[in-house]
Amino acid sequence: MDYAENILGTIGNTPLVKMNKLTADLPCLVLAKYETFNPGNSVKDRMALQMIEDAEADGRLKPGGTIIEGTSGNTGMGLALAAIVKGYKCIFVISDKQSKEKMDILRAVGAEVVVCPTEVEPDDPRSYYSVSKRLAEETPNAWYVNQYDNPSNCKAHFKTTGPEIWSQTDGKVTHFVVGVGTGGTISGVGSYLKMKNPKIKVWGIDTYGSVFKKYHETGIFDENEIYPYVTEGIGEDILPANVNFGVIDGFTKVTDKDAAVYTQRLAKEEGMFLGNSAGAAIKGVLQLKEHFKPEDVVVVLFHDHGSRYVGKMFNDEWMRKMGYID
Ligand code: PMP
């Protein structure tokens, strides 16, 4: 018999899938690391489990404890699945700009969801930051996850995602391209691949409105780079500890419109029903065309599933309202 002990045993070992139509103009092989096969439908299951196991191991998370995190989606889903199996409670603090769908999904897997107003200053007691901090202090036996600065995030990808990509490509991977949010994925996979072969190039996908690209190129944290944007899951207005700029060769920025349009194109032209950061990632790969030679093997990682975006990038009325389609 061949079965997993529980749902957590199905995390990882996701497939690598050849891109065919969207990348037809590129000289090289492009392979997608397809993370929606994880049980929570995103790559984040990997780091959620690692963060919990490391916190258990060093006593930060105790039996019957409560897991507290500011998360609107994928990380929350991963934490909630692991919490159910392992017997913890979850409280997620999210801002009121998130869709009701996302809140309902987290409640469906047993989490308590606390909603905070978006339009208040960070030091306002009602803010997302203040409420998460207060809950972490006031709740007995609580553990505050902090995925941005928690080193177990990056470690999960160094231990699992990186080695999977290396062995699935027989060590032939030449480029790794991925969207950057907390930085866990790019830093963990990037450092593993460069340890195996320092010639492998690692590219990050950034958004307009985020600080990463400019910081990488100049070392300057430029507040003028920060403004609201639509693309979900990537780009930041802070520098999370999980972004290891030393393993990143460069960033390319993708517009909100391109990210949305390419999210639709992945579904319609490749049968890949994926989230918004996958649209940004594949458009980023196309923008990097001049860097690729015919013998190259480019791996692009797709973080999450399209079902979380049916009210937005897969809704033509929303796409028209945003001016992304005619
Ligand atoms: N895409 C999606 C949909 C995400 O949820 C995230 C996580 N914020 C990312 C990309 C970026 O991944 P990472 O946090 O590992 O940089």
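What span should the 15 residues of helix α8 have at 1.5 Å a residue, and how far apart are its end C-alpha atoms? The expected span of α8, residues 256-270, is 21 Å, and the end C-alpha atoms are 21 Å apart, so the two agree. These values come from a predicted model.

Stay with α8. Its buried residues are Asp 256, Asp 258, Ala 259, Ala 260, Tyr 262, Thr 263 and Leu 266. An α-helix has 3.6 residues a turn, so residues three or four places apart point the same way. The cover over the buried residues of α8 includes strand β9 (250-254) and the helices α9 (276-287) and α10 (316-321). After α8 comes Gly 271, with a positive phi near 70 degrees.

Strand β9 leads to a sheet. This sheet is open and has six strands, in the order β1-β2-β10-β7-β8-β9, with mixed pairing. Its edges are β1 (16-18) and β9, each paired on one side only. On average, neighbouring strands here are turned by 25 degrees against each other, direction ignored. Within the sheet, β7 (residues 175-179) and β10 (residues 297-302) run parallel and are joined by three bridges. Phe 176 stands opposite Val 299 of β10.

Lys 172 sits in the loop between α5 (151-168) and β7. Lys 172 is partly exposed, because 14 other C-beta atoms lie within 10 Å. Lys 172 and Glu 295 are 123 residues apart in sequence, yet 9.5 Å apart in space, C-alpha to C-alpha.

Now turn to another sheet. This open sheet has four strands in the order β5-β4-β3-β6, and the pairing is parallel. β5 (112-116) and β6 (142-144) stand at the edges with a single partner strand each, so one side of each has no neighbour in the sheet. The twist from one strand to the next averages 20 degrees. Five bridges pair β4 (residues 89-95) with β5 in the parallel sense. Val 93 has Val 114 of β5 as its bridge partner. Helix α3 (residues 100-108) packs on this sheet and touches β4 and β5; its direction makes about 155 degrees with that of β5. Helix α4 (residues 128-138) also packs there, touching β3 (66-70), β4, β5 and β6, and its direction makes about 160 degrees with that of β4.

Last comes the ligand. There are 15 residues around the ligand, and Gly 181, Thr 182, Thr 185, Gly 233 and Ser 277 come nearest. Helix α6 (residues 184-196) gives the largest share of this shell, three residues. By class, the shell has 11 polar, three nonpolar and one charged residues.

Conventions:
Residues numbered from 1 in each chain as written. Predicted model: local features only at pLDDT ≥ 70, side-chain atom pairs only at ≥ 80, totals over all residues. Near = placed C-beta within 6 Å. Helix = DSSP H or I, 4+ residues; strand = E, 2+ residues; numbered from the N terminus. Nonpolar A, V, L, I, M, F, W, Y, C, P; charged D, E, K, R; others polar. Expected span 1.5 Å × (residues − 1). Buried ≥ 20, exposed ≤ 12 C-beta atoms within 10 Å, placed from the backbone. Contact = placed C-beta atoms within 7 Å. Pairing = 2+ DSSP bridges. Axes fitted to C-alpha atoms, helices over the stretch in contact; angles between N-to-C directions.
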